[in-house]
Amino acid sequence: MDFKWDSKYLINVKMLDQQHQELFRLLNRLYELPNNIDCEKKLAEILKNLLDYTVQHLSLEESMMQKYSYQGFERHFGEHQKFRQEIKQQTALIDSRELNIFDLIVFIQDWLTSHIQYSDHKLGLFLNAKGID
Ligand SMILES: [Fe+2]
Ligand SMILES: [Fe+2]
């Protein structure tokens with residue numbers, strides 16, 4: 001699976017860009033693990049780190065949006081909310097073995113890449129205009 005960080009994902013807000021890069025790094029660690037039973041524990045551990053880090057990241061964006069009274073807050077927050085709910089449901093399905101862990105990883109990757117390029121990008125432009133970079 002080719003999943004490389006690219007400058008097209010930069011939103012020009014240093015702290016958020018660093019976090020996005022860390023999310024890519026964690027996702028890549030998941031892909032690098034061989035898909036076998038011995039790695040299941042390791043996989044679950046990295047996935048948990050990724051999910052925890054993602055939740056923290058979404059909260060940081062939300063607090064920045066609120067701090068600077070971002071007009072697109074509700075829409076952006078709604079996207080985060082939907083993502084958190086989806087993650088919760090999919091994690092439950094993995095626990096009950098109804099879903100493969102890689103389906104969730106692919107879902108996170110797809111969501112992140114499109115969300116960063118569209119919604120986070122818009123937020124970046126707004127924050128830049130407020131003098132945050
Ligand atoms: Fe983000
Ligand atoms: Fe976001």
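Two residues are in contact here if their C-beta atoms, placed from the backbone, lie within 7 Å. Keep that in mind as you look around this predicted model. The protein chain has 4 helices and 0 strands, so from the N terminus on its elements simply read α-α-α-α. Its radius of gyration is 16 Å, close to the 14 Å that the globule rule gives for 133 residues, so the chain is as compact as a globular protein of that length.

**The chain as a whole**

- Along its principal axes, the C-alpha trace spans about 50 × 25 × 20 Å.
- Buried residues make up 17% of the 133 residues.
- Take the contacts with a separation of 6 or more: 65% of them join residues 24 or more positions apart.

**Helix H2**

- H2 covers residues 40-67, which makes 28 residues.
- From its first C-alpha to its last it reaches 40 Å, close to the 40 Å expected at 1.5 Å a residue.
- Which residues of H2 are buried? They are Leu 47, Leu 50, Thr 54, His 57, Glu 61 and Met 65.
- The cover over those buried residues includes helix H1 (14-32), helix H3 (73-95) and helix H4 (101-129).

**Helix H3**

- H3 has 23 residues, which should span 33 Å at 1.5 Å a residue, and its end C-alpha atoms are indeed 33 Å apart.
- Lys 82 sits in this helix.
- Is Lys 82 buried or exposed? Lys 82 is exposed, because just 11 other C-beta atoms lie within 10 Å and the cut-off for exposed is 12 or fewer.
- Lys 82 is 23 residues from Ser 59 in sequence, and the two are 14 Å apart in space, C-alpha to C-alpha.

**Helix H4**

- H4 has 29 residues and reaches 40 Å between its first and last C-alpha, close to the 42 Å expected at 1.5 Å a residue.
- Where is the kink in H4 centred? Look at Ile 116, where you'll find a kink of about 45°.
- Ile 116 is also one of the buried residues of H4, along with Leu 104, Ile 108, Leu 112, Asp 120, Leu 123 and Leu 127.
- H1, H2 and H3 are among what covers these buried residues.

**The largest nonpolar core**

- This core has 16 residues, and Ile 11, Leu 27 and Leu 123 touch the most other members.
- The elements giving two or more residues to this core are H1, H2 and H4.
- H4 gives the most to this core, with 6 residues.
- As general background, nonpolar side chains tend to be buried together in soluble globular proteins.
- Leaving aside neighbours within four places in sequence, Leu 27 is in contact with Phe 3, Leu 50, Ile 105, Ile 108 and Gln 109.

**A closer look at Leu 123**

- Leu 123 belongs to helix H4.
- Why is Leu 123 called buried? There are 22 other C-beta atoms within 10 Å of Leu 123, and a residue counts as buried at 20 or more.
- What does Leu 123 touch, not counting residues up to four places away in sequence? The answer is Ile 11, Glu 61, Met 65, Tyr 70 and His 76.
- Two of those partners, Glu 61 and Met 65, are on the list of buried residues in H2.
- Cys 39, by contrast, is 84 residues from Leu 123 in sequence and 37 Å away in space, C-alpha to C-alpha.

**Positive phi after the helices**

- Most residues other than glycine have a negative phi, so a positive one is worth a glance.
- Ser 69 follows H2 and lies in the loop between H2 and H3.
- Phi of Ser 69 is positive, near 50°, in a residue other than glycine.
- Ser 69 counts as exposed, because it has 9 C-beta neighbours inside 10 Å.
- Arg 97 comes after H3, in the loop between H3 and H4.
- Arg 97 is likewise not a glycine, and its phi is positive, near 60°.
- With 7 C-beta neighbours inside 10 Å, Arg 97 counts as exposed.
- Just after H4, Gly 131 takes a positive phi of about 85°.

How values were computed: Residues numbered from 1 in each chain as written. Chains lettered and ligands numbered in written order. Predicted model: local features only at pLDDT ≥ 70, side-chain atom pairs only at ≥ 80, totals over all residues. Expected span 1.5 Å × (residues − 1). Core = buried A, V, L, I, M, F, W, Y, C linked by C-beta atoms within 7 Å. Bend = angle between axes of the 7 residues up to and from the residue. Rg over C-alpha atoms; globule rule 2.2 N^0.38 Å.
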